[in-house]
Every structure is written in C-alpha cells, then in structure tokens.
Amino acid sequence: MSDPGPPIPAASLPLAARAPGKCIVFGEHAVVHGAPELVFAIDLETQVFVRPAETASLNHDPAAAASNPYFARALASAWADGSPLAVQTVSRIPRAAGLGSSAAFVAALTAALGAATGGIDRPTLARRSFEIERGAQGVGSPGDTTAVVGGGYLAINGGDGVPLWTVEDGPRRWEVRRVEDPGWIWVVAHSGIPRSTADAVRAVGTRLARPDGPRLLEEFRRVAEAGVRAVAREDRADTASLLARNQELLREVGVSHPRLEELIRAAAPAAEAAKLTGAGAGGSIVALPVPGQETDLVRRLARAGGLAFVVRPAPEGAGLLAAPGPR
Ligand code: MEV
C-alpha cells in the first residue's frame, strides 16, 4: 500500500474533529456496482464537538441521538464504552445536495471516537465510516466516505500505482488510489431539490438489471476510467467531453432532473462542461469553467436559480481540531 496519510492520534474527551465534503467528477452510481469513480474532497467541512454527558444528545436533542441512524450506528460501531456523549455539529456543507454532508458527519464523528479510544489509522477510519454510512443508508459505495477521509483527488477502482487502501463489502472490492490535483477550479450549483441517495441508488440498480444494463455499466466504466486519466494528465478538452458523456449516461439511467438540466444549459456559455454530481434526482451539478469565466459562470447559475459557488479541492481529509469547541 502507498501512504494513506497520517493516523488520527489518541486524544481524550472533550474533543473536536472535522471532515470535508466531496464532489464526484466521474462515475457516481456506477461505482456502487464496482466501476471506477473520480472524486475530490471540497473546501467546505463539517465539525463535530464531542463531550461526556449525563444523557446522550445530538445538537442538544436526546431524541435526535436515538433516531439519527448515522449517529446511532457510529456510536454502536466506534464507542464500545457506551457511556453517554453529547455531540454538537457545525457544517457548511449543504444537506441532501450530493456534496457529502452525511459522509463528512460520519467520518468526523468516527475520527473523534477513534481518537478517544486510542487513535485510528486512516484505512480503518475509511472502512469504518463506510460501514456506518452503508448501514444507515442500506446501499452505497465507499466513494463518499473514502473521499472525506483521504482528502485531495482520489480514484476508486481506477488510476495507476499501489492503492492507498481497499474496502470490501461482500463480493465487492474497491481500491483507492491518489490522483494528482490538476489545480483546476470547479463550480458547483445546488438545485435546492432534496433527494434520497438510497432511493436513487436503488432506482439505478433496477435500471442496470435490465437487459442493456451490462452495456451501460461498461460505458460508465470506460468513461470514468478515461476521465481519471484525462484529469491526471491535465487534459481539459478530453475531461470536458467525458463529463458530457457521463451526464448522458446518468440521464439514460434516470437520475437527472429537469432542474439539473436547466442548470447545465445555463452553465454552457461559461463552462467547458457540466454534469450532475452525487446521487442526482435533485441535488447539485458540477461545472468546469472556461478559464477566466468562473465569476460569470457563478452569476449565470445563480440567475438560473441555483445556489452556485466555487469549490476547491481540500488536500486534507478528516482530522482532529485543536479546540474542544462549544459546550
Ligand atoms: C452519492 O454521493 C454517490 C453514489 O454513487 C452512491 C454511492 O456511491 O454510495 C450515487
């Protein structure tokens, strides 16, 4: 294995941890079925503040601690001690927007619990965060949790060289490799339409089970594999045509949405390409701006009704914060 990054060190409660969100460039949905994906951690993050308490609570709400499936599963899997904890969260990642808010919450909380139980290495944090998110959602790939634990650009089941780590789930196996940051600026626009990742993943699974499913999955695989290589060699023209092809495939499996298509059309004059990012069926698009037209692109997307902003890759994955945080 190559260098997965520094472990989360041992620390005692109260403590605070953080994890970035993520933006998928190529391969969402198909990655659930073992095809490649390219994803990067973004410069918006979730912070969690964890302290011992008399009663377990999430953002001061004991009922939320019991009913939030990510919280309940994280505690069950990473807090053998079982003593009650009060957890508070602060997040700048829009929720249900395809930008990894649940993966960031799970990874930050699991990093904090890992630190409080003697420290945790990064591959174990990635695997544990995946198990928690997958358990809470019922379906999914380790792409989101891997991105927010690893930071930077990562290829899942693609790219070259020795993997940083692997994640397994029954017969499925995903290898994680680092991809050099090409230094590009991306623009994201959230449609404001919330959606369920699990529903979208199940609908695509049903679609791919039809007779032409293997052909479609093969094309998803080809596009994402070529996309990882195009980004790695900083080839914007190839990247743009592969982004457009990936969007056609996502449309064909039914996870685009009229609002996403409107945003993609609105982006066109100032973008080399745009596609949905994440589970789709609502959520967000990501666009590769024409260099120098980033502000114009944000303006066009905002005029079309999107919550538009520039995203940059965050080189660092989940980790501890110096300050123990609010009480
Ligand atoms: C969601 O951010 C990405 C999907 O591919 C689901 C997953 O990989 O778990 C749609």
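Guide: Ala, Val, Leu, Ile, Met, Phe, Trp, Tyr, Cys and Pro count as nonpolar, Asp, Glu, Lys and Arg as charged, and the others, Gly among them, as polar. The model here is predicted.

Visitor: How many residues of each class are in the shell around the ligand?

Guide: Five are nonpolar, four are polar and three are charged. Among the residues surrounding the ligand are Ile-24, Val-31, Gly-140, Ser-141, Val-201 and Ala-279. Glu-28 also belongs to these surroundings.

Visitor: What is a polar contact, and which residues have polar atoms by the ligand's oxygen atoms?

Guide: A polar contact is a pair of N or O atoms within 3.5 Å. Lys-22 places a polar side-chain atom 2.7 Å from an oxygen atom of the ligand. For Asp-144, a polar side-chain atom is 2.8 Å from a ligand oxygen. With His-29 the polar atom belongs to the backbone, and an oxygen atom of the ligand lies 2.8 Å from it.

Visitor: How much of the ligand does the protein cover?

Guide: On its own the ligand has 300 Å² of accessible area, and the protein covers 98% of that. The site is the largest pocket.

Visitor: Which domains supply the shell?

Guide: Domain 1 (15–181 + 314–320) and domain 2 (186–311) each give at least three residues to the shell around the ligand.

Visitor: How is the placing of the two domains described?

Guide: Taken over C-alpha atoms, the centres of domain 1 and domain 2 are 22 Å apart. Their contact involves 34 residues from domain 1 and 41 residues from domain 2.

Methods
Residues are numbered from 1 along each chain as its sequence is written. This is a predicted model: local features need pLDDT of at least 70, side-chain atom pairs count only at pLDDT 80 or more; totals for chains, interfaces and linings use all residues. Side-chain values use heavy atoms; hydrogens and water are left out. A residue is near a molecule or strand if one of its heavy atoms lies within 4 Å of it. A polar contact is a pair of N or O atoms within 3.5 Å; within protein, one must be able to donate a hydrogen and the other to accept it, and residues adjacent in sequence count only if both atoms are side-chain atoms. Accessible areas come from the Shrake-Rupley method with a 1.4 Å probe; for residues, only the protein chains shown count as cover. On a 1 Å grid over the protein atoms alone, a cavity is a set of points where a 1.4 Å probe fits but cannot get out, and a pocket is an open set with protein on both sides within 12 Å along at least five of seven lines; lining residues have an atom within 4 Å of a point. A molecule sits in a cavity or pocket if more than half of its atoms lie within 2 Å of its grid points. Domain bounds come from an automatic or database domain assignment. Contact means heavy atoms within 4.5 Å.
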